[in-house]
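Work through the exercises below with the structure open beside you. Try each task before reading its solution.

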Amino acid sequence: MSNTADLSLLQPVLDEYAGVKGSLITILQSAQEIYGYLPQEVIYHVAQATGSSPAHVLGVATFYTQFRFKPVGKYLILLCKGTACHVNGSDMIAKTIYETLGITDGETTEDGLFSLTFVACLGCCSLSPVMLINDDTYGSLTPEKVKSIISEIQAKEAAV
Amino acid sequence: MITITINGKVCKCNEGEYILKVAQDNGIDIPNLCNDDSVAVYGACGLCQIEVLDDGHGKALPKLMRACATKAQDGYVVSYDTERVNRSRKVALELLMSDHDGDCVAPCHLNCPAGTDIQKYLKQISGGDYHGAVETIKEAFPIPASIGRVCPHPCEKNCRRANVEQPLSIAFLKAYAADKDLADGTYKPKCKADSGKKVAIVGGGPAGLTAAFFLRRSGHSVTVYDAMSKMGGMLRYGIPAYRLPKDILERECQEIKSLGVEFVNNCKIGKDVTLEQLQNDNDAVIVANGAWKSMNMRVEGEELEGVVGGIDFLRNISSGEGERPDLSGLTVAVCGGGNTAMDACRSAVRCGADKVYVVYRRTRDEMPAEDIEIEEAIEEGVDFKFLTNPAQIIGEGGKVKQMKLQVMQLGEPDASGRRSPVPVEGKFEYIDVDKVIMAIGQSIEASGFDALEKTRKGTIAADETTFMTSVDGVFAVGDATNRGASIAIEAIGEANKCAAVVDSYLAGNLTAYRKPFVSKRDVKDIDFSVYDKKDRIKMPARPAEERKRDFNEVYLGIGDEEKVQSEAKRCLECGCHDYGDCRLIKYANICEIDPARFAGVKNNNPVERKLVSIERNPNKCILCSLCVRVCDEVAGKGILGLVGRGFGTVIKPEFNDESVISACAQCGKCVEACPTGALKLLK
Amino acid sequence: MSDTIINVGQGSCGIAAGAGKVKKVLDEKLAGSGINVGIVGCIGMCWLEPIVDVYENGKLHRLVKVNENSAEEIAAAVSSGDFAALSKYEITADDKDFLDQQTRIALRNCGVIDPESIEAYINAGGYKALEKVVTTMTQQQVIDEIKTSGLAGRGGAGFPTWFKWNAANQSAGETKYLICNADEGDPGAFMDRAVIESDPHTLIEGMLIAAYAIGASEAVVYVRAEYPLAIVRLKKAIAQAKQAGYIGKNIFGTNFSCEFTIKAGAGAFVCGEETALIASLEGERGMPRLKPPFPAQKGYWQKPSNINNVETFANIAWIINNGGAAFAAMGTENSKGTKVFALTGKIKRGGLVEIPMGKTLRDVIFGIGGGIKEDKQFKAVQMGGPSGGCIPEQLLDTVIDYKELSATGAIMGSGGMVVMDETTCMVGMAKFFLDFTAKESCGKCVHCRIGTKRMQEILTRIVEGGGKEGDIELLEELCSAVKEGALCGLGQTAPNPVLTTIKYFRNEYEAHINDKKCPAHECRELISYSIDSDKCRGCTLCAKKCPAKAISGEVKAPHAIDPEVCIKCGQCATVCRFGAVKVD
């Protein structure tokens with residue numbers, strides 16, 4: 001197995017939760033914060049450090065939608081697919097993103113700039129349809145609005 | 001101790017025992033797929049649902065409960081097959097099957113009307129176990145050396161190997177194994193102890209012989225009555241010796257006789273004995289008297305001397321009994337495009353005819369006869385007049401002289417998908433002939449069977465699932481019944497099913513035949529590119545010029561053992577190794593499921609062998625997780641795990657191959673625990 | 001000037017609407033003026049966000065839909081004392097009515113106090129109930145008080161709270177756990193998020209009281225990872241409460257000790273189910289297990305555990321302070337107290353609504369919510385999320401009561417109330433929920449894993465025009481088997497959205513299947529756009545806007561849509577000023 005991730009970064013987390021039972025999900029969440037996703041070697045390392053089998057750790061990680069197993073784009077779009085968003089047209093927003101960026105749920109653009117994940121509900125129903133790009137919430141979306149938000153980011157990145 | 005009642009059976013057990021366990025201890029099989037005593041209760045499959053009709057205090061519980069996780073309480077009255085439970089269980093099984101991508105049995109096996117376990121005997125042949133192969137075949141029918149030679153082998157039409165290059169030569173492999181078996185150390189099936197019941201079988205053809213064979217094996221005393229002097233029916237009197245040497249057929253008849261079946265020949269029903277007499281003297285009668293009458297063409301001149309029916313023409317020729325006609329110097333026209341027409345025209349050639357025509361109203365592509373038969377007939381010099389239909393037989397002095405043929409063309413496809421011929425208005429052809437053989441179909445000779453109700457076609461009406469006629473205790477199978485004449489293996493298939501029904505009837509518990517439900521793969525989902533191409537074995541034949549002069553067997557034998565075994569090894573082994581033990585299919589059949597109504601997307605994951613000696617096929621997995629739990633809780637390894645969630649959940653070993661290999665003790669506990677064929681121990 | 005107070009509503013959706021930027025402007029412009037700009041949580045009038053509350057000597061000016069520009073004007077007006085200038089931003093009487101019609105108990109502090117300040121909570125009477133409980137009441141007295149209140153679990157199932165507390169209390173064992181289910185997963189529900197973000201100490205106090213009642217010394221909050229702000233505020237609040245001695249050893253000098261931890265969920269709706277939640281807390285796959293044993297007997301780490309949801313806990317302190325009888329005085333025979341709803345969808349005034357049980361759905365939707373957006377026709381209200389159902393117009397007078405709502409086929413649920421109008425396809429709605437449950441099914445039991453998938457597939461083919469005769473009956477049969485056979489609540493209730501839509505909107509199913517039409521004109525495969533040549537003036541606007549270039553026509557001559565090219569996006573209909581675009 002090729003080790004590409006720096007496993008030492010995880011050590012403080014493993015130390016903090018050493019012997020604290022039931023911490024697997026918390027450790028994996030911290031690991032994802034560190035690496036941006038859960039590389040295989042990290043899962044393997046967590047298994048060894050927590051004394052559980054890698055199959056078990058992988059089983060837990062793949063159960064939860066929060067965990068990712070591939071690197072994500074610089075901008076992670078969380079598109080809300082909650083009921084209110086549905087009623088107010090989130091399908092159209094998903095379609096617009098697909099038409100603009102060519103990605104759908106769980107995919108990343110080839111340039112590595114954007115990733116898209118559908119989420120159950122962001123709890124901002126009154127602003128529906130809603131999406132979250134990294135830490136910024138965008139509400140009352142329309143196809144035009146989405147296109148301009150994306151092109152703004154693209155322009156910003158192109159300028160760098 | 002407390003007492004609970006499961007489906008009317010009173011069971012003593014300890015307080016707090018799970019109801020499923022109590023049922024098992026009392027010999028009651030509540031369906032379940034995810035439970036195993038060695039691991040903790042899981043409750044995933046939902047098959048073990050029960051209805052608690054009385055909680056011991058006179059009240060029913062509102063919800064269905066899982067027997068695996070419901071603890072027995074004193075006075076519980078439960079049922080695992082109320083209508084409500086059955087509904088829920090049936091849907092669960094249908095849902096499971098709708099996401100199950102596997103073949104219970106191989107497609108060849110499915111397409112064999114007799115249900116022969118072809119995959120199994122091919123495996124036996126590939127390992128040189130010919131007696132074993134014959135034993136396997138004889139679970140379906142008793143005359144493999146004969147059938148292996150004459151069967152149009154629907155099995156090969158379904159052989160998946162055709163998607164790689166060509167189908168296996170299944171029929172000839174069967175004949176090879178059967179010849180080997182006959183030559184030395186012939187397999188002798190065992191018969192059950194005498195039941196004291198008597199069965200009469202009318203007709204000693206393939207169907208009658210098959211029924212006799214199985215009923216004798218079930219311990220009944222069986223007598224076969226046949227109008228002809230020897231047994232074999234159409235195999236003897238219809239199929240020419242160049243296709244089926246009669247000594248081989250005779251050997252196989254004698255094998256059946258040797259089990260204690262009584263043969264009575266030259267006995268015609270209605271003349272030598274009546275059906276009523278047979279009924280009176282026996283506990284059951286099976287009518288399998290075949291279809292021995294050639295159908296007329298209904299054209300002018302049919303009554304002329306020189307016009308004969310195909311079946312009548314073949315009778316003496318095929319059996320080799322009596323004189324064969326000498327046709328030298330004559331021109332013969334055979335009308336029809338089926339296998340009987342081919343047998344007739346090739347026999348006519350062998351009887352020395354100068355010229356033999358086949359008159360057929362469609363083209364070669366539409367001919368129902370086997371292609372190889374047509375091919376060999378052409379090699380032997382038969383002249384095919386396609387797209388012509390007899391319009392009139394013209395005579396001279398009461399004898400056939402000429403045929404007027406209506407020229408035809410192909411029109412729109414009919415209901416069967418074949419393009420139907422339509423006459424070209426006013427266009428005729430004439431051929432000079434001395435003899436006309438009508439091989440356009442067969443019908444039954446029904447005299448002596450007046451008591452039995454007939455179909456509109458004049459065949460004996462028999463129930464499709466019990467084979468019972470309108471008269472209680474009289475069953476009927478084969479060419480004489482319902483749709484009429486077909487190929488031998490069809491009649492055999494009916495006969496083996498009928499034998500089971502009659503056996504149940506004799507036991508006082510008539511059980512109709514029910515086609516078992518099996519899981520089938522869609523051929524579209526299979527990647528055949530992974531197989532190396534290897535040509536089908538060829539059956540060598542004698543040269544046409546030589547063979548057309550005699551009635552000796554056309555074929556020279558498929559080859560040496562090495563070639564035969566290597567041909568058998570081409571088998572893709574499509575059927576599931578676990579079919580006999582699979583609990584999923586067992587319950588699917590008990591519950592009479594119909595998963596097609598829930599057909600939808602199926603999971604598709606690669607079959608893999610990461611566990612070295614264990615092959616894992618996730619497409620047959622039902623996610624009961626027993627392998628995961630057993631590996632973890634019993635073997636203490638935890639190598640397997642659930643990955644993902646919901647519909648796409650899949651069981652996988654951990655991703656690091658090396659550590660899997662070092663961790664897995666190859667203990668096989670996972671395979672043992674698997675209720676389906678998803679896991680397989682490689683030898 | 002120090003009598004002027006400014007608070008900016010800073011809930012998640014307020015921030016999403018721009019409240020952060022507004023606060024920044026106010027902070028900058030009022031820097032050095034002596035006027036402090038504070039924050040409050042979410043008042044629940046989401047359609048008016050961002051909201052700025054200005055107190056002029058105690059007199060409230062509630063300014064709505066504030067943006068960066070208006071924030072500058074507001075700052076100028078406030079610093080110059082020209083409060084009259086604020087009037088153009090003030091909430092209208094109509095909109096104000098939204099709050100006036102409510103009775104707020106669980107939400108009593110939401111949008112009123114600073115959620116990041118324990119002092120604000122204490123000033124509002126906070127932690128008095130806890131003190132009363134631990135210093136003057138026995139465990140049994142607490143349980144009895146809750147019993148008197150008639151409080152039932154607000155998470156969805158509506159099980160009597162006292163009963164669960166009592167069961168956990170009665171379970172033998174030294175170690176017990178008190179767990180808060182803040183895994184608010186129903187799409188369309190955000191009450192719990194609002195409470196944690198706006199008034200986290202209410203939750204903590206309610207939990208501490210419950211912990212005392214059952215004898216737990218450890219409390220755990222399981223909160224959705226999708227609620228980052230809630231987690232931040234809750235963490236802060238726990239630290240403050242610990243600092244203040246409300247959490248930790250010997251609370252109020254008594255023998256009662258309790259520690260708090262937060263565990264973030266990782267994205268799995270099924271973890272709202274008690275046994276799955278426990279599995280997740282233990283770091284496992286969140287797969288439910290069979291009950292019994294119930295968590296009150298064997299729960300977290302196999303110890304007696306009690307699980308309630310956020311809203312349930314948010315009522316506790318109020319009940320202790322005001323008495324169970326006061327709570328029970330509100331509501332109906334079967335359902336006591338108030339209930340919070342997240343009113344969303346095609347509604348004029350969407351937001352958080354807390355009302356006494358016993359009001360009708362019409363009261364909420366047309367009274368408080370002001371009716372349907374753009375005055376379209378009401379069609380149905382969805383309650384209970386993926387476990388609930390759609391209630392049609394003829395049942396709008398159904399009273400809010402556990403039993404009454406269940407009788408409709410929907411459920412009270414956790415409080416999501418999504419309003420739908422004539423443009424919402426009910427088959428599409430059922431499909432939406434089955435998309436959700438199929439995605440969220442844990443995959444353990446057959447009925448749910450494959451059953452929800454097949455329901456989703458059948459519904460998909462119906463909305464895409466491939467519905468077959470018999471599909472409705474097939475769905476009904478599948479629904480009933482899944483209801484009977486699924487292992488946990490998620491699966492057992494997954495058929496509800498399908499069953500209720502079939503029950504009340506069977507004609508829509510039939511139109512899709514038999515006529516290949518979508519009466520709501522929502523299902524794209526089943527609609528077609530065309531231009532009425534009598535109405536079209538040839539303005540060319542639609543042709544310009546059409547992303548598929550499907551519209552052609554000469555200027556000032558009627559245009560036409562090529563159905564082969566049309567992608568049915570509906571842009572033309574939106575831009576046409578003459579109503580010439582027809583949808584069939």
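The exercises that follow treat a sheet, an interface and salt bridges in a predicted model.

**Exercise 1. A sheet in chain C**

Task: Find the order of the strands in the open four-stranded sheet of chain C, and explain why one side of E7 and of E8 has no neighbour.

Solution:
- Step 1. The strands of this open sheet in chain C run in the order E7-E6-E5-E8, with parallel pairing.
- Step 2. E7 (259-264) and E8 (305-309) of chain C are at the edges and have a single partner strand each, so one side of each lacks a neighbour in the sheet.
- Step 3. From one strand to the next, the twist averages 20°.
- Step 4. Take one pair: strand E5 (residues 177-182) of chain C is joined to E8(C) by five bridges in the parallel sense. Within E8(C), Ser305(C) is the residue opposite Tyr177(C).
- Step 5. Helix H11 (residues 228-243) of chain C packs on the sheet and touches strands E6 (218-223) and E7 of chain C. The direction of H11(C) makes about 170° with that of E7(C).

**Exercise 2. The interface of chains A and C**

Task: Describe the contact between chain A and chain C by residues, area and polar pairs.

Solution:
- Step 1. Count the residues: 37 in chain A are in contact with 52 in chain C.
- Step 2. The two chains bury about 3400 Å² between them, and carbon and sulfur atoms give 57% of this area.
- Step 3. On the side of chain A, the residues that lose the most area to chain C are Phe63(A), Thr83(A) and Val87(A), together 19% of what that side buries.
- Step 4. Twelve residue pairs are in polar contact between chain A and chain C, counting pairs with both residues at pLDDT 80 or more.
- Step 5. Helices H2 (24-35), H4 (54-63), H5 (83-87) and H6 (90-101) of chain A each give two or more residues to this side. The largest share, five residues, comes from H4(A).
- Step 6. By class, the side of chain A that touches chain C holds 16 nonpolar, 16 polar and five charged residues.

**Exercise 3. Salt bridges**

Task: Identify the salt bridge between chain A and chain C, then explain why the pair Lys586(B) and Asp29(B) ties together parts far along the sequence.

Solution:
- Step 1. Side chains of opposite charge can pair when their charged atoms come close.
- Step 2. Chain A and chain C share one salt bridge. Asp105(A) forms it with Lys439(C), with 3.3 Å between the closest N and O atoms.
- Step 3. Over all chains the count is 77 salt bridges.
- Step 4. In chain B, Lys586(B) and Asp29(B) form a salt bridge, 3.1 Å from N to O. Lys586(B) is in helix H19 (residues 583-590) and Asp29(B) is in the loop between helix H1 (19-25) and strand E3 (49-55) of chain B, so the pair ties together parts 557 residues apart in sequence.

Terms used: Residues are numbered from 1 along each chain as its sequence is written. Chains are lettered from A and ligands numbered from 1 in the order in which they are written. This is a predicted model: local features need pLDDT of at least 70, side-chain atom pairs count only at pLDDT 80 or more; totals for chains, interfaces and linings use all residues. Side-chain values use heavy atoms; hydrogens and water are left out. Two strands pair if DSSP finds at least two bridges between them. Axes are lines fitted to C-alpha atoms, for helices over the stretch in contact, and angles run from 0 to 180 degrees between N-to-C directions. Contact means heavy atoms within 4.5 Å. Buried area is the accessible area (1.4 Å probe) that two parts lose on being put together, summed over both. A salt bridge is a side-chain nitrogen of Lys or Arg within 4 Å of a carboxyl oxygen of Asp or Glu. A polar contact is a pair of N or O atoms within 3.5 Å; within protein, one must be able to donate a hydrogen and the other to accept it, and residues adjacent in sequence count only if both atoms are side-chain atoms. Ala, Val, Leu, Ile, Met, Phe, Trp, Tyr, Cys and Pro count as nonpolar, Asp, Glu, Lys and Arg as charged, and the others, Gly among them, as polar.
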